[in-house]
Amino acid sequence: MTKAFHRSIFTARLGDLPRPIPRLNLSSARPHTPQVRWPSYDPTRLQPGILHFGCGAFHRAHQNVFTQRAIELEGASASRWGVVGVSFRSRKVRQALAPQDLLYTVMERADDSSRADVVGVLRGLLFAGDQRARIIAMLSDPQIRIVTLTVTPSGYASENAASTDPVGLIVDGLATVRDQRSAPPVLISCDNIPHNGRRLRDALIQRADQRSAALGDWISRNVQCPSSVVDRIVPVPTSADSAAASGLLGLQDLAAVATEPFRQWVIEDFDGPRPQWEQAGALFVPDVTPWELSKLNLLNGTHMAIAFLGMLAGLETVSDVILDPLFRRYAARLMRDEQIPTIPKSDHDLASYSDLLLRRWRNRKIVHQLGRIARNGSEKLQARLLASLASNIATGRPAPCTMLAIAAWACCTAGILRFSGTFVDEAAPGLQRLSVTSGGETSAFVQMLLSREDIFGRELPGNPRFGQELARAIDSLKRFGARGAVSKIVCDAEVHP
Ligand code: CS2
């Protein structure tokens, strides 16, 4: 065999090996692919002006997209709105983003269109467990004019022993601001909870009061916590999403996020500098309540209802449920007959909003796992389903769809019926014990269940109609299964509208 022959085999073999795709970062060459948009500004020139707590997929696909658009539309003057993210639960986000110079792709997917944006607004990423002092220094840095939060309801606990939870860090940062007599940043909660601004403010004041009443008082007089309503469906990112982004970019992206085209951010007016988010589609309003009520009830409440009923019916994703004509009718009826009547009238057109929701949920390109929505359902039940139910009971309006949704939550969480998929809920072990103690007796189970004041409050359990109807709905699920129980309600309504 000649040397040349050896060489040709060697090169051929090398050529067969898959070449590693270079990682997305600031120095990677930008391939010219029409579906991918790169930031039109230079990310290295952004100065940090926003500190964000809770750097998960939702933040990356929501607030950062608004900020990027605002920076692009405002031009060079907006370069003071770079974002420094803080993560609390793990170092994973930092590990994925650091080798990418904090760049990542947001892929917008619809059944008939798709686009991808490389987002460059993140200019720092800190981990609360390791970098407490840095975070407090940033909170009191006069350049940081805005702090946004997506830390889930548990992030607002006013009692907490750790000093690295969001509320503790902000209180420490504000104490420094007060000592240095500078202006505090504006704190914007972007969590999906009622009156999120007030909730944040109360948690901060209570925690500060434990240190010194003067600090609590200073916070109450000087710190603005506007409420905001955020909306965009962002499933948990998967390795398939990373692979898809890498395919589009020709560069490896291990922090890519997939989302729907729709995005909404409604923010209560406040004083002080901010990116021109309204140019990017955000809405500034004096009072966010109408948006908050429609979002929490119509979107999140119906999501929750179809998640538990869908899992009981053996389905896996939101689009599986909504593309099923029976469940689509159920969702439409829940919104039209049981939720819209409980929301005070405003300029917000709720009939169009619910039609839009049904269209958004049909999107098969968004793989939104029902188990993800069911996660920690017990802490979300109050704002999403129980509040509208209480108002329906008070006015004597029947609410069979809501009752069935609550029954489905109970059957899944207490392990009364089998369901597809998995979900975590801190209250689940306690509810499962109740189910075992009741020995399969629905009314005994319901009686014990309703004593959980942390889930149901005091008022609803005091109304005997609630307990009786809930027990009937659970029995209907046990007897006819989710599909059978839903069709009894929906078909019955169509016979007797
Ligand atoms: C969902 C929300 O998991 C859930 O509770 O209802 O995450 C929902 O997708 C978002 O609020 C949409 O804006």
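1. Start with where the ligand sits in this predicted model. Domain 1 (36–285) and domain 2 (289–495) both give residues to the shell around the ligand, so the ligand lies between them. Everything else below hangs off that arrangement.

2. Who is in the shell? The ligand is surrounded by N192, D231, R232, I233, K295, N300, H303, H368, I373, K380 and R384. By character, that splits into five charged, four polar and two nonpolar residues.

3. For polar contacts, I'd look at three side chains. An N or O atom in the side chain of D231 is 2.7 Å from an oxygen atom of the ligand, and R384 has a side-chain N or O atom that is also 2.7 Å from a ligand oxygen. For H303, the side-chain N or O atom is 2.8 Å from an oxygen atom of the ligand. On the cover side, the ligand taken alone exposes 340 Å², and the protein buries 86% of that.

4. Which elements give two or more residues to the shell? Helix 10 (289–312) and helix 15 (377–395) do. Helix 10 has the largest share, with three residues.

5. Now the two domains themselves. The domain assignment of the chain gives 36–285 as domain 1 and 289–495 as domain 2, and their C-alpha centres lie 31 Å apart. Domain 1 puts 24 residues into the contact, while domain 2 puts in 22.

6. How much area do domain 1 and domain 2 bury between them? The figure is about 2000 Å², with 58% of it on carbon and sulfur atoms. In domain 1, the residues that lose the most area to domain 2 are D111, N192 and I233, which together make up 29% of what that side buries.

7. One overlap to check on screen: N192 and I233 are on that list of domain 1 residues losing the most area to domain 2, and N192 and I233 are also among the residues surrounding the ligand.

Conventions. Residues numbered from 1 in each chain as written. Predicted model: local features only at pLDDT ≥ 70, side-chain atom pairs only at ≥ 80, totals over all residues. Heavy atoms only, no water. Near = heavy atom within 4 Å. Polar contact = N/O pair within 3.5 Å; in protein donor to acceptor, adjacent residues only side chain to side chain. Areas by Shrake-Rupley, 256 points an atom, 1.4 Å probe, with all protein chains shown as cover. Helix = DSSP H or I, 4+ residues; strand = E, 2+ residues; numbered from the N terminus. Nonpolar A, V, L, I, M, F, W, Y, C, P; charged D, E, K, R; others polar. Domains from an automatic or database assignment. Contact = heavy atoms within 4.5 Å. Buried area = accessible area lost by both parts, 1.4 Å probe.
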